Amino acid sequence: MTAARFNPPKKAFSRRDNEFMGDLAVWEQANSEDNTEQLDRLRRNMRRAREEELTVRQAEIIRLYYDMGMSIQQIAQEQGVHKSSVSRTLARGRKRLKRYLQYSW
């Protein structure tokens, strides 16, 4: 027979722990680099990649999934295809975007 393990109760966060987490957030914000330029370039490249690199079907499914917030099942019903087709098309579109964006920096 195995001995029962004793798991002591976890310590609840104290007020000081919360202060530390707040201090850490302030410190990170003050000492982090400004990446606004990099984010702007990524947005431009993403827009260009979606227009130039994706097939019409991939672009539409990515728009429905990411921009419209639809599930794979909802997209499949709307498009009249099986959900595995939507999933594969979404994966291929992501792969194309990733490949394009890797070399666009």
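In this predicted model, helices H4 and H5 pack at an angle of about 110 degrees, and their axes lie 8 Å apart. That angle makes H4 roughly perpendicular to H5, since angles of 65 to 115 degrees count as such. The crossing of the two helices is right-handed. On the H4 side, the contact is made by Ile72, Gln73, Ile75 and Ala76; H5 contributes Lys83, Val86, Ser87 and Leu90.

Between H4 and H5 runs a loop, and Val81 lies in it. With a relative accessible area of 27%, Val81 is partly exposed, because that value falls between the 20% below which a residue is buried and the 50% above which a residue is exposed. Setting aside neighbours within four places in sequence, Val81 is in contact with Arg57, Ala76 and Val86. Ala76 and Val86 also take part in the contact of H4 with H5.

A closer look at H5 completes the picture. This helix comprises 20 residues, 83–102, and reaches 28 Å from its first C-alpha to its last, close to the 28 Å expected at 1.5 Å a residue. Its buried residues are Ser85, Val86, Thr89, Leu90, Gly93, Leu97, Tyr100 and Leu101. They cover an arc of only 130 degrees around the axis, which puts them on the same side of H5. An α-helix has 3.6 residues a turn, so residues three or four places apart point the same way. Lys95 and Lys98, on the other side of H5, are exposed. The cover over the buried residues of H5 includes helix H2 (36–52), helix H3 (56–67) and helix H4 (72–79).

Methods: Residues are numbered from 1 along each chain as its sequence is written. This is a predicted model: local features need pLDDT of at least 70, side-chain atom pairs count only at pLDDT 80 or more; totals for chains, interfaces and linings use all residues. Side-chain values use heavy atoms; hydrogens and water are left out. Helices (H or I, at least four residues) and strands (E, at least two) are DSSP runs, numbered from the N terminus. The expected span of a helix is 1.5 Å times one less than its number of residues. Buried means under 20% relative accessible area, exposed over 50%, partly exposed in between (1.4 Å probe, protein chains only). The arc is that of the directions from the helix axis to the C-beta atoms. Contact means heavy atoms within 4.5 Å. Axes are lines fitted to C-alpha atoms, for helices over the stretch in contact, and angles run from 0 to 180 degrees between N-to-C directions. Angles under 35 degrees count as roughly parallel, over 145 as roughly antiparallel, 65 to 115 as roughly perpendicular and the rest as oblique. A crossing is left-handed if the near helix is turned anticlockwise from the far one by less than a right angle, and right-handed if clockwise.
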